[in-house]
Amino acid sequence: GDGDKDFVAGNLGWNSRLHATSEKRVSLYVGDMDQNGGTDHLLTYFNNGRQYPFIPRDQLVKQVPSFKRKFLRYGNFREVTRESIIPGDEMANFAIVEAKCFSNVYIKNDNGKLVVYPLPVQAQSFPIFSFCSGDFNSDGKIDLLAGGNMYAVQPDFGRYDAGYGLMLTGDGTGNFRPVPLQNSGFLVQGEVRVANAELDDMVL
């Protein structure tokens, strides 16, 4: 309500085996790990200051069979770090993508400077792919409807299906309060992939 344009952005949320911060980033390395002309990928996470592969030994060996001899025992694989798989002198051959935030967020436009604020914890329980904004409780303040979920994921993660839609009421200053389903009446089951939803198109 201050005349400039603010934003909300969907993300993975916090209900996942993957967690990332600015200091402990989740990284994806893409390159040819076994020099066979193919493209391999390695997802890593930080623990106690060291980078570890996210995938278990079986998946890594299936992707790169030559690693079967290098990593013989399951018990020892828990000590395997990123450096064990991709040595430092080979890093230049890999493309690296890093994530430092998985939060669903409100982005405040503060006179041209964008400041990011996580939405309430209830809005972090599932990946959000779609928002709709409007004054849903007729108090003159902008509110939000959110939907998402994601089923097409690897079995290691389990599908992201904890979302049933969520209403967040705004106070006009950038704070949003989750409204329980029994009070909002807003229920969306399954995966939600609606872009640029207009209030007139929503069935409430």
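The exercises below, each with a worked solution, concern a predicted model.

**Exercise 1. Nonpolar cores**

Determine how many residues the largest nonpolar core has and which of them have the most contacts inside it.

*Solution.* Step 1: the largest nonpolar core comprises 14 residues. Step 2: the residues with the most contacts inside this core are Met33, Leu42, Leu60, Phe67, Phe71, Ile85 and Ile86. Step 3: take Met33 and set aside residues up to four places away in sequence; Met33 then touches Asp40, His41, Leu42, Leu60, Gln63, Val64, Phe67, Ile85, Ile86 and Phe94. Step 4: another core, of 11 residues, lies apart from the largest one, and Ala123, Ala146, Leu166 and Phe176 are among its members. In soluble globular proteins, nonpolar side chains tend to be buried together.

**Exercise 2. The largest pocket**

Establish the space in the largest pocket and describe its lining by residue and by element.

*Solution.* Step 1: the largest pocket holds about 570 Å³ of space. Step 2: its lining consists of 25 residues, and Gly1, Asp6, Tyr106, Ile142 and Phe176 lie nearest the centre. Step 3: two or more lining residues are given by each of β1 (7–9), β6 (105–110) and β8 (128–134). Step 4: β8 supplies the largest share, three residues. Step 5: by residue class, the lining divides into nine nonpolar, eight polar and eight charged residues. Phe176 thus appears both in the 11-residue core and among the lining residues nearest the pocket centre.

**Exercise 3. Salt bridges and exposure**

State how many salt bridges the structure holds, then classify the partners in the pairs Glu83 with Arg82 and Glu191 with Arg193 as buried, partly exposed or exposed.

*Solution.* Step 1: the structure holds six salt bridges. Step 2: the classification requires two cut-offs, buried being under 20% relative accessible area and exposed over 50%, with partly exposed in between. Step 3: in the bridge between Glu83 and Arg82, the closest N and O atoms are 3.3 Å apart. Glu83 has a relative accessible area of 41% and is therefore partly exposed, whereas Arg82, at 9%, counts as buried. Step 4: in the bridge between Glu191 and Arg193, the corresponding separation is 3.4 Å. Glu191, at 40%, is partly exposed, and Arg193, at 44%, also counts as partly exposed. Step 5: a further bridge joins the side chains of Glu79 and Arg78, with an N to O distance of 3.9 Å; Arg78 is exposed, its relative accessible area being 68%.

**Exercise 4. Asparagines with positive phi**

Locate Asn111 and Asn149, give the phi of each, and decide whether each is buried or exposed.

*Solution.* Step 1: Asn111 belongs to the loop between β6 and β7 (113–118). Although Asn111 is not a glycine, its phi is positive, about 55 degrees. Step 2: the relative accessible area of Asn111 is 75%, so this residue is exposed. Step 3: Asn149 belongs to the loop between β9 and β10. Asn149, likewise not a glycine, has a positive phi of about 80 degrees. Step 4: the relative accessible area of Asn149 is 2%, so this residue is buried.

**Exercise 5. The surroundings of Arg159**

Describe the place of Arg159, its exposure and its contacts.

*Solution.* Step 1: Arg159 sits in the loop between β9 (143–148) and β10 (166–170). Step 2: with a relative accessible area of 48%, Arg159 is partly exposed. Step 3: once neighbours within four places in sequence are left aside, Arg159 is in contact with Met150, Tyr151 and Val153. Step 4: Pro56 is 103 residues from Arg159 along the chain, and their C-alpha atoms are separated by 18 Å.

Key. Residues are numbered from 1 along each chain as its sequence is written. This is a predicted model: local features need pLDDT of at least 70, side-chain atom pairs count only at pLDDT 80 or more; totals for chains, interfaces and linings use all residues. Side-chain values use heavy atoms; hydrogens and water are left out. A nonpolar core is a set of buried Ala, Val, Leu, Ile, Met, Phe, Trp, Tyr and Cys residues joined through side-chain atoms within 4.5 Å. Buried means under 20% relative accessible area, exposed over 50%, partly exposed in between (1.4 Å probe, protein chains only). Contact means heavy atoms within 4.5 Å. On a 1 Å grid over the protein atoms alone, a cavity is a set of points where a 1.4 Å probe fits but cannot get out, and a pocket is an open set with protein on both sides within 12 Å along at least five of seven lines; lining residues have an atom within 4 Å of a point. Grid points are joined across faces, edges and corners, and a volume is the space filled by probe spheres set on the points. Helices (H or I, at least four residues) and strands (E, at least two) are DSSP runs, numbered from the N terminus. Ala, Val, Leu, Ile, Met, Phe, Trp, Tyr, Cys and Pro count as nonpolar, Asp, Glu, Lys and Arg as charged, and the others, Gly among them, as polar. A salt bridge is a side-chain nitrogen of Lys or Arg within 4 Å of a carboxyl oxygen of Asp or Glu.
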